[in-house]
Each structure stands twice: as C-alpha cells, then as structure tokens.
Amino acid sequence: MSDRIRGKVAHLIDERTLVINRGTDHGVTVGMRFAVLNPKGADVVDPDTGETIGSVDIDKVLVKVVRVAPKMAVARTFRTFVSGIGAIMSSEKRHETLSVEGSTYKQDLEEKDSYVKIGDPVVEARGEEFTDK
C-alpha cells in the first residue's frame, strides 16, 4: 500500500465535501477515490499467540475527487443508499455524509473519533478495499 497517495484532510467544506492536502503535484487527478481513515487503525492480535501481528486501515468514509489544484484536491462523498424499498413503502435515496456511522469497529470508537476531522489521514483507494459498506 506504500505506493498509494497519502495525505490529510485539510478543510471541511460541508457535510459531503472536503479538501485534502494533495493535488496534481502529487499525482492526484479528478475521479480518484480516497478513503478518510481512522488515525488509530485497528491492531490485529493473533488469537494463538496474543502477539500483535499488524494493523489495518479502517475507513470513516470514501470520497471522490471533483476538482484538483497543484497542492490540494476537493473531494465529495458519492455513494448513495436506498432505504424503504417495497411495494407498500416508498423508497428513499440518501447520500453518504462525512459523519457516517455503521461498521462494527466504528461502534467501538468514542463518538468524537468517528467523525471526519481536519488532520485525519487519507489514502488513495484502489479496487474494492474500502467499498464494503
């Protein structure tokens, strides 16, 4: 994962839009996806030995770059969720926001750590690594 572009959240514009401190000077292009990460990650302990065998990145939200400059990029949430599907119920489509909740790991976090903040690390997302929500 070391060849991926890494940076930090530099500014929060609104509930769906943020700025990262990486841009064209760093290889960022419009359409790239970035995962905003929990700075703590998750240590993985071997159940046989009790030894910490590594750490995995845990994402808070996935964003897509919509505008890029030499030293920064504007990115926005892009995933939508549909709820209430059925013959009798009407369906509702909503966009993911920067203060998402929901995964088991995130429920173990203190509420203050689950929200996207300036300084949170970001990593270029490739493939399906951060798309299981």
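**Chat about strand S3 and its surroundings**

Reader: Which residue in S10 is the bridge partner of Val36?

Author: The bridge partner of Val36 in S10 is Val122. This is a predicted model, where local features need pLDDT of at least 70 and side-chain atom pairs count only at pLDDT 80 or more, while totals for chains, interfaces and linings use all residues. Residues are numbered from 1 along each chain as its sequence is written, and side-chain values use heavy atoms, with hydrogens and water left out.

Reader: OK, how many bridges join S3 to S10?

Author: There are 3 bridges between S3 and S10 (residues 121–124), and the two run antiparallel. Strands count as paired if DSSP finds at least two bridges between them.

Reader: And which residue of S6 does Ala35 stand opposite?

Author: That's Leu62. S6 covers residues 59–68, and 5 bridges join S3 to S6, again antiparallel.

Reader: Zoom out a sec. How many helices and strands are in the chain?

Author: The protein chain has 2 helices and 10 strands. Both are DSSP runs numbered from the N terminus: helices are H or I with at least four residues, strands are E with at least two. Along the sequence the pattern reads β-β-β-β-β-β-β-β-β-α-α-β.

Reader: How much of the chain counts as buried?

Author: Of the 133 residues, 34%. Buried means under 20% relative accessible area, exposed means over 50%, and partly exposed is in between (1.4 Å probe, protein chains only).

Reader: Back to S3, then. Is S3 mostly covered or uncovered?

Author: Mostly covered, with 5 of its 5 residues buried. In a regular strand the side chains alternate between the two faces of the sheet. For S3, Arg33, Ala35 and Leu37 lie on one side, Phe34 and Val36 on the other, and all are buried.

Reader: Hang on, an Arg in there? What is the nearest side chain of opposite charge to Arg33?

Author: That would be Glu128, at 5.7 Å, and buried Arg33 has no salt bridge. A salt bridge here needs a side-chain nitrogen of Lys or Arg within 4 Å of a carboxyl oxygen of Asp or Glu. For charge, Lys and Arg count as positive and Asp and Glu as negative; His and the chain ends are not counted.

Reader: What lies 2.9 Å from a polar atom of the Arg33 side chain?

Author: The backbone oxygen of Gly127. For polar contacts, the N or O atoms must be within 3.5 Å; within protein one must be able to donate a hydrogen and the other to accept it, and residues adjacent in sequence count only if both atoms are side-chain atoms.

Reader: So how many salt bridges does the count come to?

Author: 5 salt bridges. One of them pairs Arg6 with Asp57, with the closest N and O atoms 3.4 Å apart. Arg6 is in strand S1 (residues 6–12) and Asp57 is in the loop between S5 and S6, so the pair links distant parts of the chain, 51 residues apart.

Reader: Are those two buried or exposed?

Author: In between. Arg6 is partly exposed at 36% relative accessible area, and Asp57 is partly exposed too, at 30%.

Reader: Which residue is 9.9 Å from Asp57, C-alpha to C-alpha?

Author: Glu129, which is 72 residues away in sequence. Glu129 is in the segment after S10 and is partly exposed at 37%.

Reader: Which residue does Lys71 meet in a salt bridge?

Author: Asp25, at 3.2 Å from N to O. Lys71 sits in the loop between S6 and strand S7 (73–77) and Asp25 in the loop between strand S2 (17–20) and S3, 46 residues apart. Lys71 counts as exposed at 59%.

Reader: And what does Glu124 pair with?

Author: Arg126, with the closest N and O atoms 3.2 Å apart. Salt bridges that share partners put Asp3, Glu124 and Arg126 in one network. Glu124 is buried at 11%, whereas Arg126 is partly exposed at 35%.

Reader: Switching to rings: how many aromatic pairs are there?

Author: The structure has 0. Rings of Phe, Tyr and Trp (its six-membered ring) pair if their centres lie within 6.5 Å; planes under 30 degrees apart count as stacked, over 60 as edge-to-face, and the rest as tilted.

Reader: What lies over the face of Phe78?

Author: Lys64, at 4.7 Å from the ring centre. The rule asks for NZ of Lys or CZ of Arg within 6 Å of the ring centre and within 35 degrees of the ring normal.
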